[in-house]
Amino acid sequence: MNHPLLAGYALVIVDMLLWRFTLPENENVRLFIRLSIFALLTLLLFTSGLSPVSQAPDAPSSAQHVAEQVLEIIWWLNGARLLSLALDALLLPKRWRKQRLFQDVFGAVVFLAAIVAALAFVLDLPIRGVVATSGALAIVLGLAIQSTLSDVFAGIVINTTEPYQVGDWIAVDGVEGKVLEMNWRATHVLTAEGNVVIVPNALAAKTKIMNHNRPPALHAVSVLLEISPEERPRTVLAALDNALAATCFILQTPAPYAQVKKTSVNSIQYEVTAYVDDLARKRPVSNDLYDLCYRHLAAAGIDLHPLGVTGPSRSLTDSRERLLRNVDLFTALEDDDIRQLAARLKRRDLDRGQVLTATDTAPHTLSIVDSGVLSVTADETSGQVEVTRLGPGDAIGEAGLLAGLSSKVQITALTRCAAYQLHKDDLTPILQNNPEVAERMCRMLSQQDTTLGKLSSEVPQSPASEQSTFQWLLEQVRKLHSLTF
């Protein structure tokens, strides 16, 4: 073998090593180096008489002649590969380069042309015979792989029209998940359960596709509720509107809404719809809406039970006791104490915009929301900032009731509201008769020192430990309720 042949194979080996080990890491730099090596190989072949567009010249030995033909065929195949890579880099949009379909199609077309050219020029086979044979073979293969070809053409349509892209969260043919890959045959979808579902392109092209990423910052959250037809729809819808007003985690544009979805003999189906700007928040917001709907329906006296089944009877006293039991602070009390406090609860009705508690006041009163929505705001350097919203069953003012701490938040009614209030004088006799109850309440309150710091300005800002916060609170309780222990 002569030196040009050895040099040609050496260049081929270098190119294979660059491809195998992806050196250098930068894709564009690597492509430039491989194109430069191919240019050197082309120059070497043409200057040494080994033209890839003609048969290899006669050689002293048959082995050298075969080696020359193989090198020329490698030139054609390597050129096809580099051409397909160059087309991908120069012609395809960047988002299409993440999808394998166009790369595979370009590569197949270019490689087919290179194989036909190598057979015609290097091996001097009759091109018409090759084309005729390949055409007949293509017909046979086409009949054998009709479904696969259907997936290929459907994939071309999907990648061209772009109903979804890699990374989108879609629902297609009953499968919902994140698109991992789009290739010439199918779309790979990662479901919420962690499974990868392969959806054929032909099926995806025929079925309805829901893309949760479009528009990119708007995702609907829907809650369906079955309620007895005995309940007046106006009352139900008002309670559901209050539930929507009670959450801060939904968008106000588009506006959330509640509507009657459909009716039947045994129930009326209501739909509550809201919107979020992050797909990851759909599940927690959905769960929060279910809880809020349940609480506001219960506050409106609407029990979720089937038609014809009598719901539990609730007296006014039972309702007040239930509200007290929902307050963490009162889990330390016995049933008799709860009943005693429930009898002393005073109802207060508020109109929209009315203030329940003003900033920097020490009302010495616990407020438990019975119905409606209230907004809790605090003064910050940037102005009034909403801290949270309160709905039925929520309570505020534990620190004022127990330890006389002033509040640094303002509580304002967002809708018509009703709240039950308990004054510190109503709690004092229970604490005086049960000193251990006072200690348990202080212990519970001290474990919420982060929340206390947001709601009250009198809590020490940097307590040494939870024990020091507990001792400080216990001392405040002794002073306020005149305890002697």
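Which residues does Gln 259 touch, not counting residues up to four places away in sequence? In this predicted model, Gln 259 is found in strand S7, which covers residues 257-263, and the residues it touches beyond that sequence window are Leu 237, Gln 269, Tyr 270 and Glu 271. Glu 271 is 12 residues from Gln 259 in sequence, and the C-alpha atoms of the two are 5.5 Å apart in space. Gln 259 is partly exposed, because its relative accessible area of 29% falls between the limits of 20% for buried and 50% for exposed.

A second residue, Thr 273, lies in strand S8, residues 268-276. With a relative accessible area of 3%, Thr 273 is buried, because buried means under 20%. Once its neighbours within four places in sequence are left aside, Thr 273 is in contact with Val 221, Ser 222, Leu 244, Pro 256 and Tyr 257. Of these, Pro 256 is 17 residues from Thr 273 in sequence, while the distance from C-alpha to C-alpha is 5.6 Å.

The view can now widen to the whole protein chain, which has 16 helices and 16 strands. Of its 485 residues, 40% count as buried, and the chain exposes about 25,900 Å², with carbon and sulfur atoms supplying 57% of that area. Among the contacts with a separation of 6 or more, 68% are made by residues 24 or more positions apart.

Further along the chain, four strands form an open sheet in the order S9-S16-S11-S14, with antiparallel pairing. Its edge strands are S9 (346-350) and S14 (395-396), each of which pairs on one side only. Within this sheet, strand S11 (residues 365-371) and strand S16 (residues 417-423) pair in the antiparallel sense over six bridges, and Ile 368 stands opposite Tyr 420 in S16. Another antiparallel pair is made by strand S12, residues 374-380, and strand S13, residues 383-390, which are linked over seven bridges. A hairpin of two residues joins S12 to S13, and Thr 377 stands opposite Glu 386 in S13.

Two helices come next: the axes of helix H13 (residues 424-433) and helix H14 (residues 435-446) come within 4 Å and cross at roughly 110°. That crossing makes H13 roughly perpendicular to H14, because angles of 65 to 115 degrees count as such. On the H13 side, Leu 427, Leu 431, Gln 432 and Asn 433 meet Pro 435, Val 437, Ala 438 and Met 441 in H14. By class, this contact has six nonpolar, two polar and no charged residues.

Some points of the backbone also deserve a look. Most residues other than glycine have a negative phi, and most peptide bonds are trans. The peptide bond from Leu 23 to Pro 24, however, is cis, with omega near -15°, and Pro 24 has its place in the loop between helix H1 (3-20) and helix H2 (27-47). Thr 22 lies in the loop between H1 and H2 as well; it has a positive phi of about 45° although it is not a glycine, and it is partly exposed, with a relative accessible area of 41%. The peptide bond from Thr 253 to Pro 254 is also cis, with omega near 0°, and Pro 254 lies in the loop between helix H8 (233-245) and S7. Asp 173, which is not a glycine, has a positive phi of about 55°; Asp 173 is found in the loop between strand S1 (169-172) and strand S2 (175-182), and counts as partly exposed at 42% relative accessibility.

Methods. Residues are numbered from 1 along each chain as its sequence is written. This is a predicted model: local features need pLDDT of at least 70, side-chain atom pairs count only at pLDDT 80 or more; totals for chains, interfaces and linings use all residues. Side-chain values use heavy atoms; hydrogens and water are left out. Two strands pair if DSSP finds at least two bridges between them. Buried means under 20% relative accessible area, exposed over 50%, partly exposed in between (1.4 Å probe, protein chains only). Contact means heavy atoms within 4.5 Å. Accessible areas come from the Shrake-Rupley method with a 1.4 Å probe; for residues, only the protein chains shown count as cover. Axes are lines fitted to C-alpha atoms, for helices over the stretch in contact, and angles run from 0 to 180 degrees between N-to-C directions. Angles under 35 degrees count as roughly parallel, over 145 as roughly antiparallel, 65 to 115 as roughly perpendicular and the rest as oblique. Ala, Val, Leu, Ile, Met, Phe, Trp, Tyr, Cys and Pro count as nonpolar, Asp, Glu, Lys and Arg as charged, and the others, Gly among them, as polar.
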